[in-house]
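Visitor: I've got a chain to look through and some questions for you. Could you walk me through it?

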Amino acid sequence: MPKRRFRPKIVERLELGELVTFVPNKNLPVYNWFYFKEGFSRDFVHMMMDRFKIGEDDWILDPFLGTGTTLLGCKERGVNGIGIEVNPLFLFIANTKITDYDIDELREWSRWLFRHKFEKPSLQGLPPLVKRAFNKYNLEDIIFFRDKIMEIENRKIANFFLLALMRAASKVTYAYKDGAVIKIIKKPTPPFRPFYRRIVKRMIRDLKRMEFQPSTLITYLGDARRMTNVSDDEVDAVITSPPYLNKIEYTRVYEIEMTLFLGSDIVNPIRSYIGLLPRKKTRELPSFLSDLDLPPVAMDYFTDMWRVLNEMYRVLTPGGSVALVVAEGIFPDRIVESDIIIGRMAHEIGFRVPEIWVVNRRVATRNRTIKIGVARESIVFMKKPK
Ligand SMILES: C[S@@+](CC[C@H](N)C(=O)[O-])C[C@H]1O[C@@H](n2cnc3c(N)ncnc32)[C@H](O)[C@@H]1O
């Protein structure tokens with residue numbers, strides 16, 4: 001058999017640049033319950049579903065689920081979906097957004113929640129960062145409501161109010177996420193109780209505004225490098241975006257949400273998940289990788305992505321497609337072409353890689369002044385042969 005060539009068509013589609021960001025979701029009910037800077041948009045998910053001709057009985061997988069845009073996109077179209085996410089906070093947000101709710105029941109619980117008179121909770125034992133992140137009265141209100149919510153036995157309902165509380169808290173906090181760090185900037189804030197109540201009302205109204213179709217949606221707290229819960233040949237398409245190479249580690253800026261709303265005990269599973277090796281030995285890394293003389297962090301990244309790609313190949317049905325959004329890695333002395341390298345690894349695994357769409361080009365600088373080059377963000381398309 002002649003050796004297959006790796007020659008994807010590189011197509012310039014800069015008009016789609018905004019679609020691979022969270023921005024178009026900002027005005028979409030339910031999608032916008034949590035602003036996730038690293039997310040992509042519902043319109044991107046739907047565009048890919050149309051391209052792959054996904055119908056109602058099909059299954060979509062997003063192994064880097066984030067806050068759930070892909071599964072919510074499935075829910076709107078009545079398509080089945082599986083999501084895997086390593087971070088319990090993001091998984092909690094995704095699950096709360098994709099849940100089916102009884103609106104009357106939510107209204108009843110809302111009346112119950114706001115019926116209670118304020119009782120001053122103790123702020124002892126809260127981490128210093130959390131105390132600095134709010135004015136004292138707001139923080140007391142937040143803790144008071146959080147503890148009341150914990151009395152709701154129905155987890156679905158409790159999580160809805162908890163996410164609303166997180167959303168309200170994010171609007172009155174002094175903490176700003178600035179890249180990888182949290183900055184404290186004091187500002188005037190509204191009285192918390194009426195503000196929180198308005199957010200709950202708006203979120204209930206959001207549910208009325210959305211038209212969801214029946215479908216099966218499954219999520220796992222897990223690792224994309226080792227999708228133990230997904231069977232071979234199970235999914236018809238993968239729509240996803242992994243963390244980007246050499247991007248600052250952003251999960252630490254969610255420390256306040258993690259400790260206040262999920263309880264610090266839940267922080268630990270993340271660390272133990274990262275670094276787990278796949279049980280089955282993955283095929284050996286392709287030799288072209290070592291010829292590229294990549295920085296060690298890039299080698300680690302592509303080793304992980306090699307595992308993820310192998311897993312995607314395993315779980316896809318023959319004929320199944322992948323759309324993977326990824327940006328190039330910026331290093332002080334060079335730009336690493338993640339899209340091409342991932343495409344080439346996919347090709348070595350057996351995928352066909354027909355096209356790579358370049359959707360963004362950004363000037364990359366060192367110390368904000370010295371130009372390193374122009375970094376691409378792309379959609380890599382792959383297809384498992386029939
Ligand atoms: C670029 S974001 C995806 C955002 C998502 N498309 C959205 O719109 O919300 C990458 C996500 O992958 C998650 N992640 C990182 N490593 C992972 C792993 N090994 N397995 C599963 N998820 C992982 C991160 O926590 C993050 O939520």
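Guide: Sure, charges to begin with: Lys and Arg count as positive and Asp and Glu as negative, with His and the chain ends not counted. Each charge is placed at NZ of Lys, CZ of Arg, CG of Asp or CD of Glu. Bear in mind that this is a predicted model, where local features need pLDDT of at least 70, side-chain atom pairs count only at pLDDT 80 or more, and totals for chains, interfaces and linings use all residues. Numbering runs from 1 along each chain as its sequence is written, and side-chain values use heavy atoms, leaving out hydrogens and water.

Visitor: How far apart do the centres of the positive and negative side chains lie?

Guide: The chain carries 63 positive and 48 negative side chains. Take the centre of each set, and the gap between them is 4 Å.

Visitor: What is the radius of gyration of the chain?

Guide: The rule for a globule, over C-alpha atoms, is 2.2 Å times the number of residues to the power 0.38. With 386 residues, that puts a compact globule near 21 Å. The chain agrees with this, at 22 Å.

Visitor: Why is α6 said to be largely enclosed by the rest of the structure?

Guide: Buried means under 20% relative accessible area, with a 1.4 Å probe and protein chains only. Among the buried residues of α6 are Leu139, Ile142, Phe144 and Phe145. The buried residues pack against α4, α5, α7, α8 and α9, where contact means heavy atoms within 4.5 Å. Helix α6 is largely enclosed because its buried residues number 11 of 14.

Technical notes. Buried means under 20% relative accessible area, exposed over 50%, partly exposed in between (1.4 Å probe, protein chains only). Helices (H or I, at least four residues) and strands (E, at least two) are DSSP runs, numbered from the N terminus.
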